[in-house]
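I opened my notebook to look around a structure that is new to me. Here is what I looked up, one entry at a time.

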Amino acid sequence: MNKNSFECENCGKEVPKASFGTRNRNHCPYCLYSLHVDIKPGDRGSKCGGKMPPVGKMYKPDGEEVLVHKCGKCGLTRKNRVAGDDSYEEVAKLPILEYF
Ligand SMILES: [Zn+2]
Ligand SMILES: [Zn+2]
């Protein structure tokens, strides 16, 4: 374990922090789980620390795909950009959400 990677709390895989297409990786590319650690992206300001499973995906007007995560502890939902190396199969399994 080094500071350039972290261990996913859900699937236990080692995840490199840097990835193509994202500056602040905030979810696991294998199982897509996120952690509720930020108030604003990248600030690590939240004390919640709950696991945030992906609950669906949405498409922005420009066609960009975004994941929707929901915190299992406090219920907060958050939209996150799909990273360049996210598991395509996992993203494909998620339901498309119209609103949330
Ligand atoms: Zn994972
Ligand atoms: Zn939370």
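**Entry 1: a starting cysteine.** I began with Cys48, whose relative accessible area is 17%, so I noted it as buried; the cut-off for that word is under 20%. I also reminded myself that this is a predicted model.

**Entry 2: what Cys48 holds.** I found Cys48 (SG) among the protein donors of the zinc ion (ligand 2), together with His36 (ND1), Cys71 (SG) and Cys74 (SG). These donors lie 1.9 to 2.4 Å from the zinc. Along the chain they follow the spacing H-x11-C-x22-C-x2-C. His36 and Cys48 both sit in the loop between strand S3 (34-35) and strand S4 (51-52), so this pair ties together parts that are twelve residues apart in sequence. I checked His36 as well, and it is buried at 7% relative accessible area.

**Entry 3: the geometry there.** I looked up the angles among the four donor atoms of ligand 2 and got 103 to 120 degrees, a tetrahedral site.

**Entry 4: the zinc ion (ligand 1).** Which residues hold this one? I found Cys8, Cys11, Cys28 and Cys31, each giving its SG atom, 2.3 Å from the zinc. Their spacing reads C-x2-C-x16-C-x2-C. Cys11 is in the loop between strand S1 (5-7) and strand S2 (14-16), while Cys31 is in the loop between S2 and S3, so the two tie together parts 20 residues apart in sequence.

**Entry 5: angles and exposure.** The donor atoms around ligand 1 subtend angles of 107 to 114 degrees, so I wrote down tetrahedral here too. Is Cys31 buried or exposed? Cys31 is buried, at 14%, whereas Cys11 is partly exposed, at 33%.

Conventions. Residues numbered from 1 in each chain as written. Chains lettered and ligands numbered in written order. Predicted model: local features only at pLDDT ≥ 70, side-chain atom pairs only at ≥ 80, totals over all residues. Heavy atoms only, no water. Donors = N, O, S within 2.8 Å, 3.2 Å for Na, K, Ca; no water. Tetrahedral: all angles 85-135°; square planar, octahedral: opposite > 155°, others 65-115°. Helix = DSSP H or I, 4+ residues; strand = E, 2+ residues; numbered from the N terminus. Buried < 20%, exposed > 50% of the residue type's maximum accessible area, 1.4 Å probe, protein only.
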